[in-house]
Amino acid sequence: MSDVLGFYPYIAVAILLMIGLYTVMAHSNLVKKLIGLSVFQSAVFLMFISLGRRDGGTAPIAPMEHGHAVVDPAIIYSHPLPHVLILTAIVVGVATTAVGLALVVRINESYRSIEERDALASDRKVDEQLDQAG
Amino acid sequence: MLDIINVSLLLMMIVTALAIARLRSLFAVAMLTGLFSLLAACVFVLLDAVDVAFTEAAVGAGMTTVLFLATLGLTRSREKVTPKDRAIPAMLVAGSCGAVLIYALSGLPEFGAADTPVHQHPITEKYLVTSIDETHIPNTVTTLLASYRGFDTLGEVVVIFTAGMVVLMLLGRCAREREPDQDARAKD
């Protein structure tokens, strides 16, 4: 634990991951679960971006001279590849969240509740009635 | 100096995440999710990922919040009190997961170091230097996204298309034509 300071983004990532995971598991509300999942996701994004960061670096955009991009070896850049991967991941994350929320809307229409427990209890009741009828 | 701003922003993110986990009013939680994304965008700017910050601010803070609010408008906005029987196992799992993560993450090279595998790999040179001669695009992230890793982006577009189709199938007109079935279920 000598130089915790050199690892502070990773510690923040671990704490955010824990909070997200806890929200997903401890809550019965489906919207709350999805929000917990997006917190979890943001923590992963943060980890990738931290890995690409370099001290004294700048955003990976080359300077322009006379309308042309030029290579200047004196400039230190942060690594662009994690940025590209996370750009893709953010957009895919929103798409999957949209699917999840659409499912929540359908569940609410069928069960009149967005609580996981209510839906499971309602399913159990139907099963019991079917057992009694058969 | 930069580290102080970074640490305080990360602390704000953690506090916001804790508030998200605790609050039961889902409208407040949806707005806090927007705040959380905005804080994440600020951190991304400080970590030199300006394109990611752009996307996070537009898509994360803007679109996701709207999606959550729209869902709450169609369903209900108050979370029921969840019985506490799940809290302790969840805390145990999350806590042990976090402990393993902190152990593993402490094996990573120090934050911001230049001699890490990420920065020493030959591909870094190709992306940061050769790509400018090859494509003449100043923004390396754009070059990577659109040309070097164009197939990734194509895959992303396929995923978004699929997600759009699934949402339409779930909520569109075809899904609504099964109403009698649901009435029977409601009577049960």
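A salt bridge here is a side-chain nitrogen of Lys or Arg within 4 Å of a carboxyl oxygen of Asp or Glu. By that yardstick, R53(A) pairs with D48(B), with the closest N and O atoms 2.8 Å apart. Keep in mind that this is a predicted model. Across all chains, the structure holds six salt bridges; below is a quick tour of some of them, along with the build of chain A and two surface patches on chain B.

**The build of chain A**

- Chain A is made of four helices and two strands, and reading along the sequence gives the order α-α-β-β-α-α.
- Its radius of gyration is 23 Å, whereas a compact globule of 134 residues would sit near 14 Å.
- Along the principal axes, the C-alpha atoms of chain A take up a box of roughly 80 × 45 × 20 Å.
- Of the 134 residues in chain A, 54% are buried.
- K32(A), a lysine in helix 2 of chain A, has a relative accessible area of 0% and so counts as buried.
- From K32(A) to I86(A) you cover 54 residues in sequence and 24 Å in space, going C-alpha to C-alpha.

**The bridge between the chains**

- R53(A) sits in the loop between helix 2 and strand 1 (64–65) of chain A, and D48(B) in the loop between helix 2 and helix 3 (50–74) of chain B, so this pair joins two chains.
- Both ends of that bridge, R53(A) and D48(B), are buried.

**K33(A), E116(A) and their network**

- K33(A) and E116(A) form another salt bridge, and their closest N and O atoms are 3.5 Å apart.
- Because K33(A) lies in helix 2 (residues 30–52) and E116(A) in helix 4 (residues 116–133) of chain A, the pair ties together parts that are 83 residues apart in sequence.
- The two partners fall into separate burial classes: K33(A) has 17% relative accessibility and counts as buried, while E116(A), with a relative accessible area of 24%, is partly exposed.
- The cut-off between those classes is 20%, which means K33(A) at 17% lands on the buried side.

**A bridge within helix 3 of chain A**

- The side chains of R106(A) and E109(A) also meet in a salt bridge, at 2.7 Å from N to O.
- Both residues belong to helix 3 (residues 80–111) of chain A and are three residues apart, or about one turn of the helix.
- R106(A) is buried, with 9% relative accessibility.
- On sharing of partners, K33(A), E116(A) and R86(B) are joined by their salt bridges into one network.

**Surface patches on chain B**

- Positive charge gathers in a surface patch made up of R22(B), R24(B), R78(B) and K84(B).
- One of its members, R24(B), is in the loop between helix 1 (2–22) and helix 2 (26–46) of chain B.
- R24(B) has a relative accessible area of 31% and is partly exposed; patch members need over 30%, so R24(B) qualifies on that count.
- A nonpolar patch is formed on the surface by M1(B), L2(B), I4(B) and I5(B), which together have about 400 Å² of accessible area.
- Within that nonpolar patch, L2(B) belongs to helix 1 of chain B and is partly exposed at 32% relative accessibility.

How values were computed
Residues numbered from 1 in each chain as written. Chains lettered and ligands numbered in written order. Predicted model: local features only at pLDDT ≥ 70, side-chain atom pairs only at ≥ 80, totals over all residues. Heavy atoms only, no water. Patch = residues over 30% accessible without salt bridge, like charges linked within 9 Å, V, L, I, M, F, W, Y side chains within 5 Å. Areas by Shrake-Rupley, 256 points an atom, 1.4 Å probe, with all protein chains shown as cover. Lys, Arg positive; Asp, Glu negative; His and termini not counted. Charge placed at Lys NZ, Arg CZ, Asp CG, Glu CD. Buried < 20%, exposed > 50% of the residue type's maximum accessible area, 1.4 Å probe, protein only. Rg over C-alpha atoms; globule rule 2.2 N^0.38 Å.
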